[in-house]
Amino acid sequence: TFRLEQNYPNPFNPSTAIPFQLGQAETVQIKIYNTLGQVVRQLVNNQLFTAGEHRVKWNGFDDNGSLAPSGVYIYELSAGTVRYAKKMIFLR
């Protein structure tokens, strides 16, 4: 089964974990977006994960190494042809 779980903790500061489950080995991408749809951080870029439960962490920093502002963010997991997204809140 392919599943994206709610991040924990949520709201978070200084970091959060994003759990997901794969039914088979897949190449995965995980991106963090702001509410304008702009990519803030690419946590995982075409990395192969085995079947089973996994967890990645986000520390609130963007791809430029700057701390992201407080607010609502969307995290999206893509694996094969499947995409799931959920909301999270970052409080500084």
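Two strands are taken as paired if DSSP finds at least two bridges between them. Strands (E, at least two residues) are themselves DSSP runs, numbered from the N terminus. By this criterion, 2 bridges join β1 to β2, which run antiparallel.

The structure is a predicted model, in which local features need pLDDT of at least 70 and side-chain atom pairs count only at pLDDT 80 or more, whereas totals for chains, interfaces and linings use all residues. Residues are numbered from 1 along each chain as its sequence is written, and side-chain values use heavy atoms, with hydrogens and water left out.

## The three-stranded sheet

Strands β1, β2 and β5 form an open sheet in the order β1-β2-β5, with antiparallel pairing. Its edge strands are β1 and β5, each of which pairs on one side only. Between β1 and β2, R3 has Q21 of β2 as its bridge partner. On the other side, β2 and β5 run antiparallel and are joined by 7 bridges, with L22 standing opposite G52 in β5.

Strand β2 is mostly covered: 7 of its 7 residues are buried, where buried means under 20% relative accessible area, exposed means over 50%, and partly exposed lies in between (1.4 Å probe, protein chains only). In a regular strand the side chains alternate between the two faces of the sheet. In β2, T16, I18, F20 and L22 point one way, A17, P19 and Q21 point the other way, and all are buried. T16, located in strand β2, counts as buried because its relative accessibility is 1%. The C-alpha atoms of T16 and Q42 are 15 Å apart in space, and the two residues are 26 apart in sequence.

## The four-stranded sheet

A further open sheet consists of 4 strands in the order β4-β3-β6-β7, and its pairing is antiparallel. The edge strands here are β4 (39-49) and β7 (82-90), each pairing on one side only. Neighbouring strands of this sheet are turned by 15 degrees against each other on average, direction ignored; the axes are lines fitted to C-alpha atoms, and angles run from 0 to 180 degrees between N-to-C directions.

Strand β3 (residues 26-33) is joined to β4 by 7 bridges, and the two run antiparallel. Within this pair, T27 stands opposite L48 in β4. Strands β6 and β7 pair in the antiparallel sense over 9 bridges, and Y75 has K86 in β7 opposite to it. These two strands form a hairpin with 2 residues between them, and G80 in the turn has a positive phi of about 65 degrees.

## Backbone geometry

Most residues other than glycine have a negative phi, and most peptide bonds are trans. The table lists two peptide bonds that are cis.

| Peptide bond | Omega | Place of the proline |
|---|---|---|
| Y8 to P9, cis | near -5 degrees | P9: loop between β1 (3-4) and β2 |
| N10 to P11, cis | near 0 degrees | P11: loop between β1 and β2 |

N46 has a positive phi of about 55 degrees although it is not a glycine. This residue is found in strand β4. N46 counts as partly exposed because its relative accessibility is 48%.

## Nonpolar core and surface patch

A nonpolar core is a set of buried Ala, Val, Leu, Ile, Met, Phe, Trp, Tyr and Cys residues joined through side-chain atoms within 4.5 Å. The largest such core has 21 residues, of which F20, V28, I32, W58, Y73 and M88 touch the most other members. The elements that give two or more residues to this core are β2 (16-22), β3, β4, β5 (52-58), β6 and β7. The largest share, 4 residues, comes from β6.

On the surface, V72, I89 and L91 form a nonpolar patch with about 210 Å² of accessible area together. Patches are made of residues with over 30% relative accessible area and no salt bridge, nonpolar side chains (Val, Leu, Ile, Met, Phe, Trp, Tyr) being joined within 5 Å and like charges within 9 Å. A salt bridge is a side-chain nitrogen of Lys or Arg within 4 Å of a carboxyl oxygen of Asp or Glu. Accessible areas come from the Shrake-Rupley method with a 1.4 Å probe, and for residues only the protein chains shown count as cover. V72 has its place in strand β6 (residues 71-79). With a relative accessible area of 36%, V72 is partly exposed.
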